[in-house]
Amino acid sequence: MHEHDNVILFPKWKVILEEESLVALKEKRYDEALKKLNKLLDYHVNNHEIIIGKLICLMELAYYDEAQDLCEELLVQKDENYFQYVHIYLTLLFQTSQYNLLLEQVDYEFQTEKVPSPYREQFEQLYDMSQKMNDQLKDEKMMKYINEFVQAIEDQDHMKQWRLVENMRNIKAQPKQKMIVPLLTDDTIHPVTKTAIFQWLQEMNIAQSFDIHKLGLQLTVNPVDIAELNIHTMVKQTFLLIIELEQTNPTLFHLLEKILHQYAYVRYPIMPPGGDAAAIADALITIGEQYLNLPDKNEVKNDKTLHYIEEIKMCEALYLSIIDE
């Protein structure tokens with residue numbers, strides 16, 4: 001319980017505190033104003049003017065996290081001052097460079113609320129400015145990542161190359177195709193990095209055929225014509241052949257699921273034929289049983305299964321050499 005929960009502020013002191021806090025606010029003595037406003041709020045004097053005064057003080061004193069928390073609490077209440085609070089919240093997000101959150105909030109308001117005309121114009125202005133700032137920041141980040149990526153290629157730093165491709169994917173940057181696409185046939189680029197590059201081209205809907213070389217294999221492929229990794233036919237077919245283990249041996253199943261993902265990630269988009277799913281599943285089970293020191297239920301392996309045991313282990317090593325799990 002708060003120390004003032006059962007205490008009533010005398011009307012005279014309430015008026016004095018309100019007047020003093022507003023004078024301090026007008027005279028830009030924000031620290032003093034905030035203390036008095038907090039005292040009023042402690043006594044449950046929480047009218048609109050007091051709350052707005054507190055928000056102004058917090059923002060002027062750069063207590064941005066506290067101001068943001070207060071705004072988000074006020075937005076949940078959806079009272080008659082809702083759009084004024086939204087405007088303050090959006091201004092705060094803009095000042096703190098949280099452009100993506102601002103864009104999401106404005107989209108939400110326009111989709112779910114009937115925004116009054118004056119606020120609509122202000123929200124649209126903040127939205128447009130945020131989009132420009134966001135694009136500018138993305139361009140600056142992209143240039144930084146590209147420069148670091150070029151250096152990582154020169155240094156043969158494969159882990160850093162993969163991480164930088166992932167960074168560029170995460171900000172949804174447009175790939176510089178003249179630079180990026182030739183890397184898919186460059187034997188000095190790690191196969192894991194080539195997978196990340198291909199997924200980046202895929203996510204950005206680059207509808208153009210490219211050659212890709214990895215693991216001694218090559219393929220001409222259009223990113224938009226290939227199913228995403230997790231729903232690729234080979235992955236789904238193999239998964240269906242091991243899923244019954246989820247009930248009988250969940251530890252083995254989860255291990256096989258992880259190794260299958262690692263194997264498919266390294267091979268992607270040059271995948272084994274769908275008809276080899278049974279051999280791949282047998283190979284996975286054999287590897288999993290070895291790792292868990294379980295008895296091998298099928299000691300006799302055909303050549304295809306033996307080939308996949310070797311290939312899966314190689315791909316697992318390649319994956320783990322770049323991606324730390």
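**Helices, cores and backbone in a predicted model**

Me: What is the sign of phi at Ser97, which follows α5?

Reply: Ser97 comes after α5 and has a positive phi, near 60°. Most residues other than glycine have a negative phi. This is a predicted model, in which local features need pLDDT of at least 70 and side-chain atom pairs count only at pLDDT 80 or more, while totals for chains, interfaces and linings use all residues. Residues are numbered from 1 along each chain as its sequence is written, and side-chain values use heavy atoms, with hydrogens and water left out.

Me: How do you know that the length of α5 agrees with its number of residues?

Reply: The 14 residues of α5 (helices being DSSP runs of H or I, at least four residues, and strands runs of E, at least two, numbered from the N terminus) should span 20 Å at 1.5 Å a residue, and because the end C-alpha atoms are 20 Å apart, the two values agree. The expected span is 1.5 Å times one less than the number of residues. The buried residues of α5, among them Tyr82, Phe83, Leu90 and Leu93, are covered by elements including α3 (48-60), α4 (64-77), α6 and α7.

Me: What does the check of span give for α7?

Reply: Helix α7 (residues 117-154) has 38 residues and should span 56 Å at 1.5 Å a residue; its end C-alpha atoms lie 55 Å apart, so this agrees as well. Its buried residues, including Phe123, Tyr127, Met142 and Phe149, pack against α5 (82-95), α6 (99-112), α8, α9 (177-180) and α10.

Me: Why does Asp135 count as partly exposed?

Reply: Asp135, which is found in helix α7, has 43% relative accessibility and therefore counts as partly exposed, since buried means under 20% relative accessible area, exposed over 50%, and partly exposed in between (1.4 Å probe, protein chains only). Gln156, in the loop between α7 and α8, is likewise partly exposed because its relative accessible area is 38%, and its phi is positive, near 55°, although Gln156 is a residue other than glycine. Asn293, in the loop between α14 and α15, counts as exposed because its relative accessibility is 69%, and Asn293 too has a positive phi of about 55°.

Me: Why are α8 and α10 called roughly parallel?

Reply: Helix α8 (residues 158-170) and helix α10 (residues 191-203) pack at an angle of about 10°, with their axes 9 Å apart. That angle makes α8 roughly parallel to α10, because angles under 35 degrees count as roughly parallel, over 145 as roughly antiparallel, 65 to 115 as roughly perpendicular and the rest as oblique. Among the residues that meet (contact being heavy atoms within 4.5 Å) are Trp162 and Val165 in α8 and Ala196 and Trp200 in α10.

Me: Which residues touch the most other members of the largest nonpolar core?

Reply: Tyr265 and Ile312 do so, in a core of 57 residues, a nonpolar core being a set of buried Ala, Val, Leu, Ile, Met, Phe, Trp, Tyr and Cys residues joined through side-chain atoms within 4.5 Å. Of the elements, α13 gives the most to this core, with 10 residues. Leaving aside neighbours within four places in sequence, Ile312 is in contact with Ile259, Tyr263, Ile280, Ala283, Leu284 and Ile287.

Me: What is omega at the bond that joins Tyr268 and Pro269?

Reply: Omega is about 5° there, and the peptide bond is cis; Pro269 lies in the loop between α13 and α14. Most peptide bonds are trans.

How values were computed:
Axes fitted to C-alpha atoms, helices over the stretch in contact; angles between N-to-C directions.
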